[in-house]
Amino acid sequence: ICMKPLMIKEKLKSPWFLFGLGFFFGAAMLFCLVLGDLKENKNLQEQLFVALSKAPTPNNHRRCSLEFNKGLVLQDVLLAETKAQQARGLTGKTSIPTGMLFSFQKEGNLMFWMKDTPMDLSVGFFDSQGLLFKIKDMQANSTNYHFSLKKALNALELEQGEFQKLGLSVGSVLINRQCSKP
């Protein structure tokens with residue numbers, strides 16, 4: 001019985017044991033921070049978003065032609081495909097004649113806001129099959145969050161009222177997308 005506490009004390013002195021213990025607790029803390037706080041802490045989300053939006057991004061976005069099941073084709077739509085482009089979005093723009101398509105690598109629950117965007121917009125969320133499942137109006141310069149509420153692969157921002165003018169509604173399907181080469 002007296003030997004067991006001595007063996008534990010010896011293990012505690014081992015640098016490899018201490019390194020492993022520290023690594024385990026550090027990884028656990030990082031996991032909690034990333035998965036817990038990013039979901040629950042809007043201030044941390046905002047800090048991350050602001051940091052990404054200030055990252056350099058090229059002004060020359062690729063452009064896409066979007067074809068919908070109702071025969072509508074939108075030409076020359078800006079494509080936001082990098083994290084920096086997606087974070088910046090249409091910040092500071094005073095007009096967007098063709099809209100902006102946010103394209104993600106994989107489906108996820110998306111969140112948009114309008115901080116420093118001086119015009120009212122609407123965002124439409126599309127699943128991996130191209131189905132438009134939600135359209136949300138967003139007010140200029142607002143810090144309110146707008147969530148997809150289910151997994152989306154793409155989001156299209158247009159000037160407020162454009163979805164209706166174009167005849168796009170929940171249930172419309174994005175059937176083809178042709179984008180310029182990088």
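A disulfide here is a pair of cysteine sulfur atoms within 2.5 Å. Keep that in mind for the first exercise, and remember that you're looking at a predicted model.

**Exercise 1. The disulfide**

Find the disulfide in the structure, give its handedness, and work out which parts of the chain it ties together.

*Solution.*

Step 1. Start with the count: the structure holds one disulfide. Its partners are cysteine 64 and cysteine 179, with sulfur atoms 2.0 Å apart, which sits inside the 2.5 Å cut-off.

Step 2. Now look down the S-S bond. The torsion for cysteine 64 and cysteine 179 comes out at about 100 degrees, so this disulfide is right-handed.

Step 3. Place the two ends. Cysteine 64 belongs to strand β1, while cysteine 179 belongs to strand β7 (residues 174-179), so the bond links parts of the chain that are 115 residues apart in sequence.

**Exercise 2. Buried or exposed?**

Classify cysteine 64, cysteine 179 and histidine 61 as buried, partly exposed or exposed.

*Solution.*

Step 1. You need the cut-offs: buried is under 20% relative accessible area, exposed is over 50%, and partly exposed is in between.

Step 2. Cysteine 64 has a relative accessible area of 2%, so put it down as buried.

Step 3. Cysteine 179, at 24% relative accessibility, goes down as partly exposed.

Step 4. Histidine 61 has 16%, and therefore counts as buried.

Step 5. For background, 34% of the chain's 182 residues count as buried.

**Exercise 3. Around histidine 61**

Locate histidine 61 in the chain and list what its side chain reaches.

*Solution.*

Step 1. Histidine 61 sits in the loop that joins α3 (42-53) to β1 (63-68).

Step 2. Go for the polar partners. At 3.1 Å, the histidine 61 side chain reaches the backbone oxygen of leucine 79. It also makes a polar contact with the side chain of glutamine 85, at 3.4 Å.

Step 3. Fill in the rest of the neighbourhood. Leaving aside residues up to four places away in sequence, histidine 61 touches Leu78, Leu79, Ala80, Gln85 and Met100.

**Exercise 4. The whole chain**

Sketch the order of helices and strands, then describe the contacts and the exposed surface.

*Solution.*

Step 1. Count five helices and seven strands. From the N terminus, the order reads α-α-α-β-β-α-β-β-β-β-α-β.

Step 2. Take the contacts with a separation of 6 or more: 64% of them are between residues 24 or more positions apart.

Step 3. Finish with the surface. The chain exposes about 11500 Å², and 59% of that comes from carbon and sulfur atoms.

Key: Residues are numbered from 1 along each chain as its sequence is written. This is a predicted model: local features need pLDDT of at least 70, side-chain atom pairs count only at pLDDT 80 or more; totals for chains, interfaces and linings use all residues. Side-chain values use heavy atoms; hydrogens and water are left out. Helices (H or I, at least four residues) and strands (E, at least two) are DSSP runs, numbered from the N terminus. Buried means under 20% relative accessible area, exposed over 50%, partly exposed in between (1.4 Å probe, protein chains only). Contact means heavy atoms within 4.5 Å. Accessible areas come from the Shrake-Rupley method with a 1.4 Å probe; for residues, only the protein chains shown count as cover. A polar contact is a pair of N or O atoms within 3.5 Å; within protein, one must be able to donate a hydrogen and the other to accept it, and residues adjacent in sequence count only if both atoms are side-chain atoms.
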